[in-house]
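Me: I am new to reading protein models and keep meeting words like "buried" and "core". Could you walk me through what earns each label here?

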Amino acid sequence: LPQPEHLLIPKAYKHDVLCLYSSLSAYLSVQKVDMCQQTNELQHKTQFLVRVTFNRPLQQRDDFQLEFLIGENPSASRGSLVVVTFNSRPGGPWSGQIVESQGATVTLGITPTPDAIVGRFRTNVAIVAGTGMQRTNRDAATDVYVLFNAWCKDDAVFLPNEAERNEYVLNDYGVMYQGSFEAKYKQPRAFFSLFLLQFERGVLDACIYILDVSKMPINDRGNIIKVIRMGSAMINAQDDNGVCVGNWSDDYSMGRSPTSWTGSVQILLQYCWVFAGVFNTFLRTLGIPARTVTNFVSAHDSNGNLKIDLICLPDGLPDDQNTRDSIWNYHCWNEVFIRRDDLPPGLEGWQVVDATPQETSDGYFRCGPVSMIAVKEGLLCHPFDAGFVFSEVTGSLRTLTQYWVETDYIGKAVYTKSLDSNSPNNITQNYKYLPGNTQTHISNYKNETYLIIQIQCTYTLHPSLQVNLGQDVNLQVDFHNNSDVPKTIQANLACSVIFYTGVRASHLKNHNFTITVPANQSDELVKLTANEYMPYLGTQICLHFIVTGQIEDESVTAIKVLELKIPTLTVTVRLLSGLPQVRQQMFANVTFTNPFNFALKDCRLAMEGAGVMSEKRRLNKYAHTHTHHTHTHTHDIYISEVKTPRSLPGDCLQYRS
């Protein structure tokens with residue numbers, strides 16, 4: 001191809017250049033290219049406008065084309081060079097039309113194909129001149145980003161519901177639910193707000209850069225399955241120089257604690273639930289409908305047998321050295337709404353994807369997409385990673401050595417954010433048939449029969465009340481004997497501090513006891529003082545109790561995870577002057593009060609607002625307890641000019657110590 005900035009000059013006329021240039025006014029040339037950004041942002045869903053101003057009005061003999069190029073060596077055969085023509089001359093797969101013509105300015109409508117490559121295209125306007133082309137110079141201001149399109153019926157991510165499109169594509173604020181799940185509360189007891197900020201400056205380029213770093217072929221970037229799987233692998237840095245390094249060690253000296261982030265932007269620009277939050281930003285930024293979900297009591301099946309095996313020593317203590325499976329208090333992943341042309345009909349819609357580095361899939365730490373319907377129906381032969389997700393929500397819990405099986409312990413509840421509020425939406429029934437449902441045909445995996453001795457004596461664990469951080473724990477072990485004769489049990493109670501992933505951080509105590517259970521009920525009271533567990537907590541606030549017992553040739557086991565309740569941290573925001581208004585600068589006054597009866601050290605305040613302000617941080621060396629002296633810590637936060645109406649949720653403020 002000729003150089004884009006030059007008009008081809010036939011060799012026979014090179015001696016008469018002055019004559020040629022004197023008649024250039026008769027030739028068509030481009031004066032200006034306007035990408036109509038404001039109009040396109042508000043209106044276009046499948047077509048975008050480009051306004052081209054020439055040196056004169058178009059004439060019938062004029063011939064020009066738009067060229068869109070992506071990658072280092074663009075090629076029409078690979079879809080990375082797209083030519084759009086506006087006459088009878090054939091062009092590429094994208095369609096174009098002249099929408100309006102006023103004097104020397106024409107407005108062009110461009111419609112990419114539904115399977116177009118996703119990414120940043122360079123734009124040229126080329127004018128046919130004899131046997132050559134006159135092209136505009138490279139101008140980054142005319143680059144165009146092509147994304148997946150949930151408004152296009154032929155796109156693989158088409159989402160028919162407008163309210164869902166607004167939530168799962170356009171909403172730049174998300175919620176992920178955390179903590180422990182108690183059936184009596186009927187909903188999660190804690191949630192974490194996260195700014196997704198997919199529209200912030202630099203985020204789209206950062207997401208495209210992730211695909212570039214992965215060395216994903218340009219021509220594969222229109223394939224929704226390949227893009228999602230590559231994104232799932234690249235959000236974690238376990239094996240491919242990705243974005244986030246998984247760290248569950250409680251030592252964040254080489255980075256930042258996961259709880260210190262208020263949003264995904266700083267993570268993406270700097271290069272579990274952090275993985276889910278960042279992945280959700282990545283997906284929505286590329287136009288893919290996505291949401292985060294939380295599975296409470298989530299299993300990690302390490303060997304693919306669809307069982308969660310906890311190995312115990314002969315005396316009943318957990319055998320941490322040989323136990324490979326684990327049970328997370330909660331686990332966050334993502335769902336995407338896509339068409340699955342690679343699966344049988346009926347398995348499209350919401351698909352599970354997970355960027356947390358747990359197990360490898362086709363050689364990389366990633367998971368999905370897997371059809372949520374396939375997981376519920378037990379169709380585990382379909383790609384990708386259906387068995388792993390099935391075990392996360394439906395796997396059977398087994399304790400080995402002292403053999404015991406519980407089929408309803410895993411996957412207590414699955415929640416996602418509601419469409420119109422921060423309240424949780426229970427979607428557990430989308431993943432599994434709930435207890436008592438007559439549908440059992442999918443339970444070939446769940447309802448396998450085992451050679452199990454009938455258990456006649458069971459017991460459960462109950463904390464006396466909700467326990468606040470810093471309080472003693474009174475634990476009551478209840479034994480229920482369903483037989484007609486008393487039973488004597490040799491039992492062991494093991495107490496530990498655990499990470500939310502179920503991995504033991506510190507062992508606290510063992511309590512061996514023998515108890516005779518009459519034909520109705522008996523109990524054992526155990527006290528765990530705050531002085532016993534506080535030195536071992538670190539950033540973890542979960543206590544794990546497991547009771548194992550042996551009676552003749554029968555075994556019984558009970559597990560309880562207790563999340564210590566942190567008192568509410570009071571954060572207030574008030575304007576120093578006036579009311580908040582669009583296009584006006586303002587200050588916010590943030591105060592923090594230490595509610596504990598002990599001083600906090602190295603306290604950090606982080607504040608961020610979608611479209612309002614970038615992340616701002618403040619450090620307090622100490623936050624003294626209110627029982628000693630004045631304890632209010634005040635920060636004045638400057639908020640720059642806000643150009644569009646925005647809301648600033650109160651929980652965008654994070655105070656960490």
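Reply: Happily! Let us begin with a term: a nonpolar core is a set of buried Ala, Val, Leu, Ile, Met, Phe, Trp, Tyr and Cys residues joined through side-chain atoms within 4.5 Å. In this predicted model, the largest such core has 57 residues, and those with the most contacts inside it are Ile224, Phe282, Leu283, Leu286, Ile288 and Tyr431. A second, separate core of 31 residues includes Phe479, Phe513, Val547 and Phe592.

Me: Which residues does Ile288 touch, leaving aside its neighbours within four places in sequence?

Reply: Ile288 is in contact with Phe148, Val157, Tyr168, Val169, Ile224, Ile228, Leu283, Val336 and Ile338, with those sequence neighbours left out.

Me: Why is His331 called buried?

Reply: Buried means under 20% relative accessible area. His331 has a relative accessible area of 1%, so it is buried. Asp354 has 2%, so it is buried as well.

Me: What makes the pair of His331 and Asp354 a polar contact?

Reply: The cut-off for N or O atoms is 3.5 Å, with one atom able to donate a hydrogen and the other to accept it. The side chains of His331 and Asp354 are joined at 2.7 Å, so the distance fits within that limit. His331 is placed in strand S14 (residues 326-338), while Asp354 lies in strand S15 (residues 349-354). Beyond its close sequence neighbours within four places, Asp354 is in contact with several residues, including His331, Ser232, Arg366 and Cys367. The unreviewed UniProt entry annotates Cys272, His331 and Asp354 as "active site", an annotation that may be inferred rather than shown by experiment.

Me: Cys367 or Cys381: which is buried and which is exposed?

Reply: Cys367 stands at 5% relative accessibility, under the 20% limit, so it counts as buried. Cys381 has a relative accessible area of 68%, over the 50% mark, so it is exposed. As for disulfides, the structure holds zero.

Me: How do you know that S15 and S18 pair?

Reply: Two strands pair if there are at least two bridges between them. S15 and S18 are joined by three bridges, so they pair, and they run antiparallel. Within this pairing, Val352 has Val370 in S18 as its bridge partner. Strand S18 (residues 367-371) is mostly covered, with five of its five residues buried.

Me: What makes strand S6 largely enclosed?

Reply: Five of the seven residues of S6 (residues 105-111) are buried, so the strand is largely enclosed by the rest of the structure. S6 pairs with strand S2 (residues 48-54) in the antiparallel sense over six bridges, and Phe48 stands opposite Ile110 in S6. Seven bridges also join S6 to strand S5 (residues 95-102), again antiparallel. There, Ser101 has Val106 in S6 as its bridge partner. The hairpin of S5 and S6 has two residues between the strands, and Gly103 takes a positive phi near 60 degrees in it.

Me: Why is helix H5 described as largely enclosed, and which residue caps its N-terminal end?

Reply: Of the 11 residues of H5 (residues 224-234), 10 are buried, so the rest of the structure largely encloses the helix. Among the buried ones are Ile224, Ile228, Arg229 and Ser232. The cap is Asn223, which has a side-chain oxygen 3.0 Å from the backbone nitrogen of Ile225.

Terms used:
Residues are numbered from 1 along each chain as its sequence is written. This is a predicted model: local features need pLDDT of at least 70, side-chain atom pairs count only at pLDDT 80 or more; totals for chains, interfaces and linings use all residues. Side-chain values use heavy atoms; hydrogens and water are left out. Helices (H or I, at least four residues) and strands (E, at least two) are DSSP runs, numbered from the N terminus. Buried means under 20% relative accessible area, exposed over 50%, partly exposed in between (1.4 Å probe, protein chains only). Contact means heavy atoms within 4.5 Å. A disulfide is a pair of cysteine sulfur atoms within 2.5 Å.
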